[in-house]
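Hi everyone, thanks for making time for this. Have the viewer open and stop me whenever you get lost.

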Amino acid sequence: MKKEAQLDLYHQMVLIRRIEEQAAELYQQGKIGGFLHLYIGQEAVSTGLIAARQPHDRVITAYRDHGVAINCGLPANEVMAELLGKATGVSKGRGGSMHMADASKNFWGGHAIVGAHLPIAAGFALGDQYAGNDNVTICMFGEGATNIGFFHEALNLAQVWKLKVLWVCENNKYGMGTSVERASAVPEIRQKAEGYGMPNSRVDGMDVMKVYEAACDAIEKVRTESHPYLLEAVTYRYRGHSMGDPERYRKPEEIKQWQENDPIGIFRKQLVSKKTTSEKALDEIEARVTQEVAAAVEFAESSPEPELDDLFKNIYAES
Ligand SMILES: Cc1ncc(C[n+]2csc(CCOP(=O)(O)OP(=O)(O)O)c2C)c(N)n1
(Lines give C-alpha, C1' and ligand atoms only; values in the text may rest on other atoms or scores of the structure.)
Protein backbone atom coordinates (compact mmCIF):
# COMPACT_ATOMS: atom_id res chain seq x y z
CA MET A 1 0.00 0.00 0.00
CA LYS A 2 1.28 3.48 -0.91
CA LYS A 3 2.41 5.84 1.85
CA GLU A 4 -0.51 8.27 1.39
CA ALA A 5 -3.03 5.45 1.67
CA GLN A 6 -1.39 4.20 4.87
CA LEU A 7 -1.51 7.67 6.39
CA ASP A 8 -5.16 7.87 5.42
CA LEU A 9 -5.80 4.65 7.37
CA TYR A 10 -3.99 6.11 10.37
CA HIS A 11 -6.15 9.23 10.09
CA GLN A 12 -9.34 7.14 9.95
CA MET A 13 -8.37 5.11 13.03
CA VAL A 14 -7.52 8.19 15.10
CA LEU A 15 -10.68 9.95 13.91
CA ILE A 16 -12.87 7.03 15.00
CA ARG A 17 -11.14 6.88 18.40
CA ARG A 18 -11.49 10.61 19.10
CA ILE A 19 -15.08 10.86 17.84
CA GLU A 20 -16.07 8.06 20.16
CA GLU A 21 -14.20 9.48 23.17
CA GLN A 22 -16.09 12.70 22.52
CA ALA A 23 -19.37 10.80 22.12
CA ALA A 24 -18.83 9.15 25.52
CA GLU A 25 -18.51 12.63 27.08
CA LEU A 26 -21.60 13.95 25.29
CA TYR A 27 -23.52 10.88 26.44
CA GLN A 28 -22.56 11.57 30.04
CA GLN A 29 -23.76 15.15 29.60
CA GLY A 30 -27.14 13.80 28.51
CA LYS A 31 -26.78 15.08 24.95
CA ILE A 32 -26.96 11.63 23.35
CA GLY A 33 -30.00 9.47 24.09
CA GLY A 34 -30.65 5.74 23.85
CA PHE A 35 -27.85 3.20 23.69
CA LEU A 36 -24.26 3.96 22.72
CA HIS A 37 -21.93 1.09 21.85
CA LEU A 38 -18.35 2.20 21.39
CA TYR A 39 -15.89 0.65 18.93
CA ILE A 40 -12.78 1.81 20.84
CA GLY A 41 -10.11 -0.92 20.57
CA GLN A 42 -11.59 -2.45 17.42
CA GLU A 43 -10.66 0.32 14.94
CA ALA A 44 -8.13 -1.79 13.00
CA VAL A 45 -10.82 -4.27 11.95
CA SER A 46 -13.19 -2.04 10.00
CA THR A 47 -10.37 0.27 8.85
CA GLY A 48 -8.34 -2.57 7.28
CA LEU A 49 -11.42 -4.30 5.98
CA ILE A 50 -13.15 -1.35 4.32
CA ALA A 51 -9.85 -0.24 2.73
CA ALA A 52 -9.91 -3.55 0.84
CA ARG A 53 -13.37 -3.09 -0.71
CA GLN A 54 -14.29 -1.59 -4.07
CA PRO A 55 -16.84 1.27 -3.87
CA HIS A 56 -19.47 -1.01 -5.43
CA ASP A 57 -19.09 -3.58 -2.62
CA ARG A 58 -21.83 -3.35 0.00
CA VAL A 59 -21.15 -3.06 3.72
CA ILE A 60 -23.59 -3.95 6.49
CA THR A 61 -22.94 -4.23 10.22
CA ALA A 62 -24.52 -4.41 13.68
CA TYR A 63 -25.05 -1.61 16.21
CA ARG A 64 -21.31 -0.94 16.88
CA ASP A 65 -21.36 1.06 13.68
CA HIS A 66 -19.84 4.55 14.07
CA GLY A 67 -16.36 3.45 13.01
CA VAL A 68 -17.64 1.51 10.01
CA ALA A 69 -19.62 4.61 8.96
CA ILE A 70 -16.46 6.75 9.06
CA ASN A 71 -14.48 4.13 7.12
CA CYS A 72 -17.22 4.02 4.47
CA GLY A 73 -16.75 7.76 3.95
CA LEU A 74 -19.69 9.21 5.91
CA PRO A 75 -18.64 12.69 7.09
CA ALA A 76 -17.66 13.06 10.76
CA ASN A 77 -20.02 16.06 11.10
CA GLU A 78 -23.02 14.01 10.03
CA VAL A 79 -22.07 11.02 12.17
CA MET A 80 -21.84 13.29 15.22
CA ALA A 81 -25.13 15.01 14.32
CA GLU A 82 -26.82 11.61 14.08
CA LEU A 83 -25.53 10.70 17.53
CA LEU A 84 -27.18 13.87 18.84
CA GLY A 85 -30.40 13.06 16.99
CA LYS A 86 -30.19 16.15 14.76
CA ALA A 87 -31.87 16.72 11.37
CA THR A 88 -28.44 17.04 9.70
CA GLY A 89 -27.40 13.55 10.81
CA VAL A 90 -26.64 10.75 8.34
CA SER A 91 -30.08 9.25 9.03
CA LYS A 92 -31.75 12.65 9.52
CA GLY A 93 -31.72 12.17 13.29
CA ARG A 94 -34.13 9.24 13.17
CA GLY A 95 -31.63 6.43 13.57
CA GLY A 96 -29.22 7.51 16.26
CA SER A 97 -26.15 5.55 17.25
CA MET A 98 -27.30 2.11 16.11
CA HIS A 99 -28.87 3.03 12.77
CA MET A 100 -26.40 4.99 10.70
CA ALA A 101 -26.74 4.28 6.98
CA ASP A 102 -25.99 5.84 3.60
CA ALA A 103 -26.90 3.85 0.50
CA SER A 104 -24.95 6.29 -1.69
CA LYS A 105 -21.76 5.09 0.05
CA ASN A 106 -22.96 1.49 -0.11
CA PHE A 107 -23.19 1.44 3.68
CA TRP A 108 -26.41 -0.36 4.56
CA GLY A 109 -26.40 0.17 8.33
CA GLY A 110 -26.34 -0.10 11.46
CA HIS A 111 -28.70 -2.91 12.80
CA ALA A 112 -29.80 -3.33 16.42
CA ILE A 113 -31.16 -6.87 16.48
CA VAL A 114 -28.29 -9.28 17.00
CA GLY A 115 -27.73 -11.35 13.85
CA ALA A 116 -30.80 -10.01 12.02
CA HIS A 117 -28.73 -8.32 9.32
CA LEU A 118 -27.06 -11.56 8.26
CA PRO A 119 -30.04 -12.80 6.21
CA ILE A 120 -30.32 -9.27 4.80
CA ALA A 121 -26.70 -9.56 3.61
CA ALA A 122 -27.51 -12.90 1.98
CA GLY A 123 -30.49 -11.20 0.30
CA PHE A 124 -28.28 -8.41 -1.07
CA ALA A 125 -25.91 -10.98 -2.52
CA LEU A 126 -28.77 -12.99 -4.01
CA GLY A 127 -30.05 -9.80 -5.66
CA ASP A 128 -26.58 -9.10 -7.04
CA GLN A 129 -26.38 -12.66 -8.34
CA TYR A 130 -29.68 -12.15 -10.21
CA ALA A 131 -28.41 -8.83 -11.56
CA GLY A 132 -25.27 -10.57 -12.77
CA ASN A 133 -22.79 -8.07 -11.30
CA ASP A 134 -19.66 -8.85 -9.31
CA ASN A 135 -20.47 -6.88 -6.14
CA VAL A 136 -19.30 -8.42 -2.89
CA THR A 137 -21.40 -7.92 0.26
CA ILE A 138 -19.29 -7.47 3.39
CA CYS A 139 -21.26 -8.41 6.51
CA MET A 140 -19.78 -7.67 9.95
CA PHE A 141 -21.02 -9.07 13.28
CA GLY A 142 -19.82 -10.03 16.74
CA GLU A 143 -18.97 -13.54 17.93
CA GLY A 144 -22.13 -13.50 20.08
CA ALA A 145 -24.22 -13.36 16.90
CA THR A 146 -22.75 -16.67 15.72
CA ASN A 147 -24.60 -18.59 18.43
CA ILE A 148 -28.04 -17.79 17.08
CA GLY A 149 -30.17 -19.06 14.22
CA PHE A 150 -29.79 -16.14 11.82
CA PHE A 151 -26.07 -16.85 11.46
CA HIS A 152 -26.55 -20.53 10.61
CA GLU A 153 -29.45 -19.98 8.22
CA ALA A 154 -27.61 -17.23 6.39
CA LEU A 155 -24.31 -19.11 6.12
CA ASN A 156 -26.02 -22.28 4.96
CA LEU A 157 -27.97 -20.59 2.17
CA ALA A 158 -24.99 -18.46 1.16
CA GLN A 159 -22.99 -21.65 0.61
CA VAL A 160 -25.85 -23.51 -1.10
CA TRP A 161 -26.45 -20.62 -3.52
CA LYS A 162 -22.76 -19.62 -3.81
CA LEU A 163 -23.49 -16.05 -2.78
CA LYS A 164 -20.72 -13.44 -2.87
CA VAL A 165 -20.68 -12.57 0.82
CA LEU A 166 -17.64 -11.96 2.96
CA TRP A 167 -18.78 -12.78 6.50
CA VAL A 168 -16.58 -10.94 9.00
CA CYS A 169 -16.80 -11.96 12.63
CA GLU A 170 -15.31 -9.42 15.00
CA ASN A 171 -14.44 -11.67 17.92
CA ASN A 172 -14.00 -9.18 20.75
CA LYS A 173 -14.31 -11.98 23.35
CA TYR A 174 -17.59 -10.89 24.94
CA GLY A 175 -21.26 -10.75 23.98
CA MET A 176 -22.47 -8.25 26.59
CA GLY A 177 -21.17 -9.91 29.81
CA THR A 178 -20.76 -13.43 28.41
CA SER A 179 -17.30 -14.58 27.37
CA VAL A 180 -16.88 -16.51 24.13
CA GLU A 181 -15.64 -19.54 26.08
CA ARG A 182 -18.94 -19.73 27.98
CA ALA A 183 -21.18 -19.37 24.94
CA SER A 184 -19.50 -20.94 21.91
CA ALA A 185 -19.11 -24.70 21.41
CA VAL A 186 -15.89 -24.18 19.46
CA PRO A 187 -12.98 -21.96 20.52
CA GLU A 188 -12.40 -20.38 17.11
CA ILE A 189 -15.44 -18.87 15.37
CA ARG A 190 -13.95 -19.63 11.94
CA GLN A 191 -14.48 -23.33 12.74
CA LYS A 192 -18.24 -22.78 12.40
CA ALA A 193 -17.79 -22.14 8.68
CA GLU A 194 -16.31 -25.63 8.31
CA GLY A 195 -19.74 -27.08 9.06
CA TYR A 196 -21.00 -25.41 5.89
CA GLY A 197 -17.98 -26.32 3.75
CA MET A 198 -17.08 -22.65 3.59
CA PRO A 199 -13.50 -21.37 3.24
CA ASN A 200 -12.39 -19.40 6.27
CA SER A 201 -9.44 -17.89 8.12
CA ARG A 202 -8.52 -16.05 11.30
CA VAL A 203 -6.56 -12.80 11.52
CA ASP A 204 -5.06 -10.58 14.23
CA GLY A 205 -7.70 -7.83 14.40
CA MET A 206 -5.40 -5.43 16.27
CA ASP A 207 -3.07 -5.04 13.28
CA VAL A 208 -4.65 -2.94 10.52
CA MET A 209 -2.25 -4.05 7.79
CA LYS A 210 -2.79 -7.73 8.60
CA VAL A 211 -6.55 -7.18 8.44
CA TYR A 212 -6.17 -5.33 5.13
CA GLU A 213 -4.12 -8.13 3.58
CA ALA A 214 -6.46 -10.85 4.84
CA ALA A 215 -9.48 -8.88 3.58
CA CYS A 216 -7.93 -8.28 0.12
CA ASP A 217 -7.26 -11.99 -0.19
CA ALA A 218 -10.74 -13.01 0.99
CA ILE A 219 -12.60 -10.44 -1.17
CA GLU A 220 -10.62 -11.55 -4.24
CA LYS A 221 -11.61 -15.17 -3.59
CA VAL A 222 -15.28 -14.29 -3.07
CA ARG A 223 -15.40 -12.15 -6.22
CA THR A 224 -13.46 -14.36 -8.62
CA GLU A 225 -14.38 -17.82 -7.33
CA SER A 226 -18.04 -16.92 -6.56
CA HIS A 227 -18.53 -18.32 -3.08
CA PRO A 228 -18.91 -16.98 0.46
CA TYR A 229 -16.00 -16.81 2.92
CA LEU A 230 -15.78 -16.33 6.69
CA LEU A 231 -13.02 -14.15 8.11
CA GLU A 232 -12.62 -14.04 11.89
CA ALA A 233 -10.80 -10.98 13.28
CA VAL A 234 -9.60 -11.40 16.85
CA THR A 235 -9.98 -8.10 18.65
CA TYR A 236 -11.04 -6.50 21.94
CA ARG A 237 -13.30 -3.68 23.08
CA TYR A 238 -11.71 -1.47 25.70
CA ARG A 239 -14.98 0.09 26.88
CA GLY A 240 -18.08 -1.62 28.26
CA HIS A 241 -20.63 -3.31 26.03
CA SER A 242 -22.53 -0.03 25.98
CA MET A 243 -22.43 3.08 28.15
CA GLY A 244 -23.25 2.25 31.77
CA ASP A 245 -21.92 -1.33 31.70
CA PRO A 246 -20.46 -2.03 35.19
CA GLU A 247 -18.07 -4.60 33.60
CA ARG A 248 -18.19 -7.16 36.40
CA TYR A 249 -17.36 -9.98 34.00
CA ARG A 250 -13.71 -9.08 33.36
CA LYS A 251 -10.71 -7.90 35.30
CA PRO A 252 -9.08 -4.47 34.77
CA GLU A 253 -5.73 -6.29 34.24
CA GLU A 254 -7.18 -8.05 31.20
CA ILE A 255 -8.21 -4.73 29.63
CA LYS A 256 -4.77 -3.29 30.45
CA GLN A 257 -3.05 -6.21 28.77
CA TRP A 258 -5.03 -5.66 25.55
CA GLN A 259 -4.42 -1.91 25.72
CA GLU A 260 -0.69 -2.64 25.48
CA ASN A 261 -1.60 -4.11 22.10
CA ASP A 262 -3.46 -0.96 21.02
CA PRO A 263 -4.25 -0.97 17.28
CA ILE A 264 -3.38 2.70 16.81
CA GLY A 265 -0.14 2.29 18.80
CA ILE A 266 0.85 -0.80 16.79
CA PHE A 267 0.26 0.97 13.47
CA ARG A 268 2.11 4.07 14.64
CA LYS A 269 5.14 1.98 15.57
CA GLN A 270 5.06 0.18 12.22
CA LEU A 271 4.84 3.42 10.24
CA VAL A 272 7.79 4.93 12.08
CA SER A 273 10.01 1.82 12.31
CA LYS A 274 9.59 1.07 8.60
CA LYS A 275 10.39 4.74 7.93
CA THR A 276 7.11 5.21 6.06
CA THR A 277 6.70 8.47 7.93
CA SER A 278 7.90 10.45 10.96
CA GLU A 279 6.48 10.86 14.48
CA LYS A 280 6.01 14.55 13.60
CA ALA A 281 3.82 13.76 10.57
CA LEU A 282 1.67 11.46 12.70
CA ASP A 283 1.37 14.14 15.39
CA GLU A 284 0.13 16.50 12.68
CA ILE A 285 -2.56 14.01 11.72
CA GLU A 286 -3.61 13.78 15.37
CA ALA A 287 -3.80 17.59 15.60
CA ARG A 288 -5.92 17.71 12.44
CA VAL A 289 -8.28 15.11 13.95
CA THR A 290 -8.65 17.20 17.13
CA GLN A 291 -9.86 20.10 14.96
CA GLU A 292 -12.16 17.88 12.89
CA VAL A 293 -13.80 16.47 16.01
CA ALA A 294 -14.26 19.93 17.54
CA ALA A 295 -15.85 21.09 14.27
CA ALA A 296 -18.11 18.02 14.22
CA VAL A 297 -19.35 18.72 17.75
CA GLU A 298 -19.94 22.37 16.87
CA PHE A 299 -21.85 21.33 13.72
CA ALA A 300 -23.95 18.79 15.63
CA GLU A 301 -24.75 21.03 18.58
CA SER A 302 -25.76 23.96 16.38
CA SER A 303 -27.89 21.81 14.04
CA PRO A 304 -31.69 21.82 14.32
CA GLU A 305 -33.80 19.04 15.77
CA PRO A 306 -35.91 17.13 13.19
CA GLU A 307 -39.24 18.87 12.50
CA LEU A 308 -42.29 17.40 14.22
CA ASP A 309 -44.14 17.52 10.88
CA ASP A 310 -41.53 15.15 9.40
CA LEU A 311 -42.28 12.44 11.95
CA PHE A 312 -44.20 10.22 9.55
CA LYS A 313 -41.92 10.76 6.54
CA ASN A 314 -39.58 8.00 5.29
CA ILE A 315 -41.47 5.23 7.04
CA TYR A 316 -42.68 3.45 3.91
CA ALA A 317 -40.75 3.41 0.64
CA GLU A 318 -42.68 4.86 -2.27
CA SER A 319 -43.29 2.34 -5.05
C1 LIG B 1 -31.93 -10.98 18.97
C2 LIG B 1 -31.30 -10.19 20.09
N3 LIG B 1 -31.05 -10.79 21.25
C4 LIG B 1 -30.47 -10.10 22.26
C5 LIG B 1 -30.14 -8.78 22.10
C6 LIG B 1 -29.47 -8.03 23.22
N7 LIG B 1 -28.04 -7.88 22.90
C8 LIG B 1 -27.61 -6.70 22.40
S9 LIG B 1 -25.99 -6.77 22.07
C10 LIG B 1 -25.85 -8.35 22.58
C11 LIG B 1 -24.50 -9.04 22.53
C12 LIG B 1 -24.02 -9.38 21.17
O13 LIG B 1 -22.64 -9.66 21.18
P14 LIG B 1 -21.77 -9.75 19.89
O15 LIG B 1 -22.59 -10.28 18.77
O16 LIG B 1 -20.54 -10.52 20.24
O17 LIG B 1 -21.39 -8.26 19.51
P18 LIG B 1 -20.54 -7.16 20.29
O19 LIG B 1 -21.52 -6.42 21.18
O20 LIG B 1 -19.48 -7.86 21.06
O21 LIG B 1 -20.01 -6.24 19.25
C22 LIG B 1 -27.06 -8.83 23.02
C23 LIG B 1 -27.27 -10.18 23.55
C24 LIG B 1 -30.44 -8.17 20.86
N25 LIG B 1 -30.16 -6.88 20.60
N26 LIG B 1 -31.00 -8.89 19.87
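Let's start with the walls of the largest pocket: strand 2 (137–142), strand 4 (174–175), strand 5 (178–179) and helix 7 (180–183) each give at least two residues to the lining. Keep in mind that we are looking at a predicted model. Which strand supplies the largest share of that lining? Strand 2 does, with three residues.

How much space is in there? The largest pocket holds about 540 Å³. Its lining is made of 31 residues, and those closest to the centre are Y63, R64, V114, G175 and H241. If you sort the lining by class, you get 13 nonpolar, 14 polar and four charged residues.

If you wonder how anyone finds such a space, here is the idea. Rolling a probe the size of a water molecule over the atoms shows where empty space is left.

Now, please turn to the ligand. Around the ligand there are 14 residues, and Y63, R64, G144, N172 and Y174 are the closest. You have met two of these names already: Y63 and R64 are also among the residues closest to the centre of the largest pocket.

Let's look at some polar contacts. In the side chain of R64, an N or O atom is 2.8 Å from an oxygen atom of the ligand. Y174 uses its backbone instead: an N or O atom there lies 2.9 Å from a ligand oxygen atom. H241, another residue from the pocket centre, has a polar side-chain atom 3.5 Å from an oxygen atom of the ligand.

Back to strand 2, as it also belongs to a sheet. In what order do the five strands of this open sheet come? The order is 1-2-3-7-6, with parallel pairing. At the edges you find strand 1 (58–60) and strand 6 (200–204), each of them pairing on one side only. From one strand to the next, the twist averages 20°.

A quick reminder for the newcomers: strands of a sheet pair through backbone hydrogen bonds, either parallel or antiparallel. Here, strand 1 and strand 2 run parallel and are joined by three bridges. To see one partnership, click on I60, whose bridge partner in strand 2 is C139.

One last stop, the second largest pocket, with a volume of about 210 Å³. Its lining includes W108, H111 and N314. By class, this lining divides into four nonpolar, six polar and two charged residues.

Key
Residues numbered from 1 in each chain as written. Predicted model: local features only at pLDDT ≥ 70, side-chain atom pairs only at ≥ 80, totals over all residues. Heavy atoms only, no water. 1 Å grid on protein atoms, 1.4 Å probe; cavity = no way out; pocket = protein on both sides within 12 Å on 5 of 7 lines; lining within 4 Å. Points joined across faces, edges and corners; volume = space filled by probe spheres on them. Helix = DSSP H or I, 4+ residues; strand = E, 2+ residues; numbered from the N terminus. Nonpolar A, V, L, I, M, F, W, Y, C, P; charged D, E, K, R; others polar. Pairing = 2+ DSSP bridges. Axes fitted to C-alpha atoms, helices over the stretch in contact; angles between N-to-C directions. Near = heavy atom within 4 Å. Polar contact = N/O pair within 3.5 Å; in protein donor to acceptor, adjacent residues only side chain to side chain.
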